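Biologist: Could you take a close look at one part of this model for me, starting with the charged side chains and then following the chain outwards? I'd like one connected story rather than a list.

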Amino acid sequence: MKKNSPYYKETGKEIQVFEQSYHNKIPFLLKGPTGTGKSRFIEYMSYKLGKELITVSCHEETSSTDLIGRYIIKGAETIWLDGPLTRAVKEGAIIYLDEIAEARPDVIVAIHPLTDHRRELFIDKLGVVVKAHPDFMLVASFNPGYQRGFKELKPSTRQRFVAISFTYPDAKLETEIIINETGLEAGIAKKLVKIANKIRNLNELGLTETVSTRLLVDAAKLIHSGLPKRLALEVAVVEPLTDDLEIVEALTDLCHLMI
Ligand code: ADP
């Protein structure tokens with residue numbers, strides 16, 4: 001059975017840019033804070049292009065071995081197991097390296113020959129070079145906004161990608177997204193977006209990250225399924241944002257006032 005298309009609301013020209021990058025075999029970088037639709041966009045694009053999507057959520061321990069593959073012991077035998085990157089390279093899938101800057105530096109070294117005209121992967125443990133399938137595409141995401149634990153991507157890496165910035169959609173689009181994702185009544189959805197934009201503009205709070213569309217969708221789901229609005233905002237928007245008790249109190253007051 002054919003899967004349904006993931007719901008994705010375009011916020012700029014990202015669909016066309018992605019399609020052109022795909023056809024020109026240029027790697028793609030999605031920049032932006034968490035919860036702004038980057039993963040959903042990539043799910044949508046792989047569906048639209050009819051390609052398998054393989055996602056790897058990178059963290060501090062993610063190494064090139066995790067991506068490329070390793071020998072495992074099975075019974076009395078040692079067998080080679082392709083990692084997700086090798087599989088995507090061979091099968092012509094789209095690989096999405098979510099939060100690539102978090103990964104260990106050897107991951108960046110491993111993808112370099114895949115991101116230029118060579119389009120090849122060196123598997124050092126096997127001593128082989130694999131040419132990428134014509135349909136293979138490398139996509140990565142990167143959050144430039146972290147204030148603490150700040151991790152950068154080197155210019156020599158960044159310049160191998162076409163890059164698009166994701167941010168919070170304008171109020172009308174964001175309201176539409178919330179309604180579509182949750183079935184929440186338009187009037188309340190509008191209020192949620194208003195609250196989010198108010199908090200987003202409170203720079204003096206010094207939040208590492210502010211209210212994302214994801215948080216709003218979560219709050220909307222809770223409200224839609226019957227949780228009181230104020231409580232939903234507290235647990236889905238305010239508490240996830242900060243542990244500072246004064247800020248929690250101030251934001252809770254603000255939400256109560258605005259809902
Ligand atoms: P990111 O990968 O940037 O952290 P996600 O793609 O997981 O964020 O988005 C979080 C949630 O926000 C999604 O599950 C979806 O409900 C919603 N969302 C954000 N932007 C969009 C959009 N443009 N179209 C549809 N849904 C969106």
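Modeller: Let's fix the vocabulary before anything else: a residue is called buried when its relative accessible area is under 20%, exposed when it is over 50%, and partly exposed in between. With that scale, arginine 118 comes out as partly exposed, because its relative accessible area is 34%. Keep in mind that this is a predicted model.

Arginine 118 has a charged partner, aspartate 116; the two form a salt bridge, and their closest N and O atoms are 2.7 Å apart. That pair belongs to a set of 15 salt bridges found when the whole structure is searched.

Right after arginine 118 in the numbering comes arginine 119, which sits in the loop between H5 and strand S6 (120-123). Arginine 119 counts as buried, since its relative accessible area is 14%. Its backbone is worth a look too: phi is positive, about 45 degrees, and this is not a glycine. For context, most residues other than glycine have a negative phi. Glutamate 99 also has a positive phi without being a glycine, in its case about 55 degrees. You'll find glutamate 99 in the loop between strand S5 (94-98) and helix H5 (105-111). At 17% relative accessible area, glutamate 99 is therefore buried.

Back to the salt bridges, this time around arginine 40. Arginine 40 meets glutamate 43 side chain to side chain, at 4.0 Å from N to O. Both residues lie in helix H2 (residues 38-49), three residues apart, which is about one turn of that helix. Arginine 40 also forms a salt bridge with glutamate 181, and here the closest N and O atoms are 3.0 Å apart. Glutamate 181 belongs to helix H7 (residues 171-182) while arginine 40 is in helix H2, so this pair ties together parts that lie 141 residues apart in sequence. How accessible are these residues? Arginine 40 is partly exposed at 29% relative accessibility, glutamate 43 is partly exposed at 36%, and glutamate 181 is partly exposed at 26%. Through shared partners, the salt bridges join Arg40, Glu43 and Glu181 into one network.

Now for a nonpolar counterpart, over at helix H10 (residues 229-241), which is where valine 235 lies. H10 has 13 residues and runs 17 Å from its first C-alpha to its last, close to the 18 Å expected at 1.5 Å a residue. Even so, H10 has a kink of about 30 degrees, centred on valine 235. Valine 235 itself is partly exposed, because its relative accessibility is 42%. Together with Leu222, Leu227 and Leu231, Val235 makes up a nonpolar surface patch with about 270 Å² of accessible area. Other H10 residues are buried: Ala232, Leu233, Ala236, Val237, Val238 and Leu241. What do the buried residues of H10 pack against? Their neighbours are helix H8 (186-200), helix H9 (213-224) and helix H11 (245-258).

One last stop is the loop between H10 and H11, where aspartate 244 is found. Its relative accessibility is 37%, so aspartate 244 counts as partly exposed. From the C-alpha of aspartate 244 to that of proline 27 is 40 Å, with the two positions 217 residues apart along the chain.

Terms used. Residues are numbered from 1 along each chain as its sequence is written. This is a predicted model: local features need pLDDT of at least 70, side-chain atom pairs count only at pLDDT 80 or more; totals for chains, interfaces and linings use all residues. Side-chain values use heavy atoms; hydrogens and water are left out. Patches are made of residues with over 30% relative accessible area and no salt bridge: like charges are joined within 9 Å, nonpolar side chains (Val, Leu, Ile, Met, Phe, Trp, Tyr) within 5 Å. Accessible areas come from the Shrake-Rupley method with a 1.4 Å probe; for residues, only the protein chains shown count as cover. Helices (H or I, at least four residues) and strands (E, at least two) are DSSP runs, numbered from the N terminus. Buried means under 20% relative accessible area, exposed over 50%, partly exposed in between (1.4 Å probe, protein chains only). The expected span of a helix is 1.5 Å times one less than its number of residues. The bend at a residue is the angle between axes fitted to the seven residues ending there and the seven starting there. Contact means heavy atoms within 4.5 Å.
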